[in-house]
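Thanks for coming. I have one structure to go through today, so please look at the screen.

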Amino acid sequence: MTASNNNLLMEKLVSLCKRRGFIFPGSEIYGGLGSSWDYGPLGTELKRNVKNSWWQNVVHQRDDTVGLDSAIIMNPEIWNTSGHAAGFTDPLVECKECHERYRADQLESGTEACLKCNGPLTPPRNFNLMFKTFVGPVEDSAAQAWLRPETAQGIFVNFANTLVSTRRKPPFGIAQIGKAFRNEITPGNFTYRTREFEQMELEFFVPPEDDVAWHEYWVQERINWYLNLGITADSLRIRDHASDELAHYAKATKDIEFLFPWGWGELEGIANRTDFDLKAHSDATGQSLDYFDEVKKERIIPYVIEPSGGVDRATLAFLIDAYTEEKQENTERTVLKLDNKLAPVKVAILPLSRNEKLTPTARNIYETVRNLGIWKVEYDDSQSIGRRYRRQDEIGTPLCVTIDFDTVELDQSVTIRERDTMKQTRVSISDLVPTLQTMLA
Ligand code: ATP
């Protein structure tokens with residue numbers, strides 16, 4: 001695809017997201033707030049499905065992980081110990097004339113002039129990405145705290161509590177999904193880089209000598225998660241961090257990257273954080289953050305393998321990957337070919353028309369399916385059936401159930417239409433729920 005086609009694809013996707021209620025510009029009626037986005041009704045369902053699929057895969061389907069939900073504002077000392085207060089910075093350069101700002105590490109090497117106005121640039125200065133806030137009514141330095149820039153530290157400071165309360169021993173992991181905040185210098189590309197976002201992080205504690213094997217294991221596990229949810233294999237790649245790129249805590253990091261319309265970009269980083277964090281917190285607090293190794297008969301601080309993904313970036317990648325335009329005989333249709341597990345609405349119940357013959361039966365079917373409580377189900381009896389199919393295609397609904405006059409007058413059966421193939425199958429109302437269950441499995 002050419003650059004202009006890629007821009008067009010993003011324009012179409014951003015417009016679909018707004019029109020259909022996936023993602024709205026944040027604070028829009030007040031003129032917006034740079035790179036802030038709100039998830040609408042369908043986006044909320046989609047993002048929730050992404051998080052649930054991750055949680056299912058990383059926590060529920062394993063017996064060596066547990067979950068956590070820690071606070072966003074923590075004791076500020078934690079960020080001194082973790083190295084973030086001093087070192088969580090990006091190099092900022094600014095144009096002396098138009099004041100456009102850039103991250104020096106994202107400019108091509110040797111760039112000396114502003115890309116917008118050709119004005120001279122300032123030398124780089126380190127800019128801390130953490131958001132400051134104050135706890136309590138007095139805004140002095142003693143009350144100053146930070147909004148967390150990663151959820152991981154909440155896991156490290158709860159390591160001992162979790163170990164004791166769950167009677168675990170490495171190898172085992174603690175998973176968390178939650179908001180993180182970074183005062184990014186150059187947010188942009190829709191929801192790819194924002195200042196407020198959600199992370200899905202797993203801190204997997206392992207015996208130090210097993211770190212390399214577990215690192216490889218988690219890279220493969222995480223790639224498989226994206227593939228199993230339908231991301232095209234050619235749009236994914238693994239990139240090793242060069243040694244000068246590694247975070248201050250990491251021995252090795254592999255990024256899972258996705259081919260976004262503007263180029264390859266990180267979806268998730270899988271880092272070997274060694275014992276850096278637990279050791280630092282242990283030294284700072286005097287608490288032992290270790291475990292007893294039965295074989296070696298000694299106390300050991302485990303190493304940490306950390307798969308850390310962005311909920312918003314994953315959601316965006318799933319949307320981009322699913323977006324499809326198809327030529328029909330004399331029209332075109334737009335389809336979001338989302339995996340069934342991710343689709344915001346699983347089933348749409350569509351009576352052929354709104355009238356006293358069809359409506360009671362259609363409402364009955366809708367309520368039966370909705371009350372199962374396992375799927376988001378929509379009922380729609382406005383406009384022509386063709387337009388309603390198009391709308392459901394555009395929001396990625398895998399199955400539509402149509403109730404027509406034969407349903408009530410002839411055969412007590414309905415038509416199930418599949419999103420991707422548009423294949424239609426007639427099933428009796430009594431078989432509808434098990435059929436939907438099979439088709440959505
Ligand atoms: P980048 O290099 O793109 O700034 P990073 O390497 O700093 O990302 P990590 O610290 O590894 O990111 O964070 C883990 C994950 O959190 C990322 O892979 C990404 O999915 C997500 N993430 C990080 N920063 C942002 C952001 N500003 N907006 C949205 N998601 C983000």
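How many disulfides does the count come to? Before the answer, one caution: this is a predicted model. The count comes to zero disulfides. The cut-off behind that is a pair of cysteine sulfur atoms within 2.5 Å.

Two cysteines deserve a look here. Take Cys 98: the nearest cysteine sulfur belongs to Cys 114 and lies 3.7 Å away, so with a cut-off of 2.5 Å Cys 98 is in no disulfide. As for its surroundings, Cys 98 is partly exposed, at a relative accessible area of 35%. Now Cys 117. Its nearest cysteine sulfur is that of Cys 95, at 3.6 Å, and Cys 117 is likewise in no disulfide. Cys 117 is partly exposed, with a relative accessible area of 35%.

Now the chain as a whole. The protein chain has 441 residues, and 49% of them count as buried. Its secondary structure comes to 13 helices and 23 strands. Along the principal axes, the C-alpha atoms fill a box of roughly 75 × 65 × 50 Å.

On contacts: take those between residues at least 6 apart in sequence, and 65% of them join residues at least 24 apart.

Next, the surface. The accessible surface of the protein chain is about 21,300 Å², and carbon and sulfur atoms account for 49% of that.

Last, charge. The protein chain carries 51 positive and 65 negative charges, and the mean positions of the two sets are 4 Å apart.

That is what I have; I will take questions now.

How values were computed
Residues numbered from 1 in each chain as written. Predicted model: local features only at pLDDT ≥ 70, side-chain atom pairs only at ≥ 80, totals over all residues. Heavy atoms only, no water. Helix = DSSP H or I, 4+ residues; strand = E, 2+ residues; numbered from the N terminus. Buried < 20%, exposed > 50% of the residue type's maximum accessible area, 1.4 Å probe, protein only. Contact = heavy atoms within 4.5 Å. Areas by Shrake-Rupley, 256 points an atom, 1.4 Å probe, with all protein chains shown as cover. Lys, Arg positive; Asp, Glu negative; His and termini not counted. Charge placed at Lys NZ, Arg CZ, Asp CG, Glu CD.
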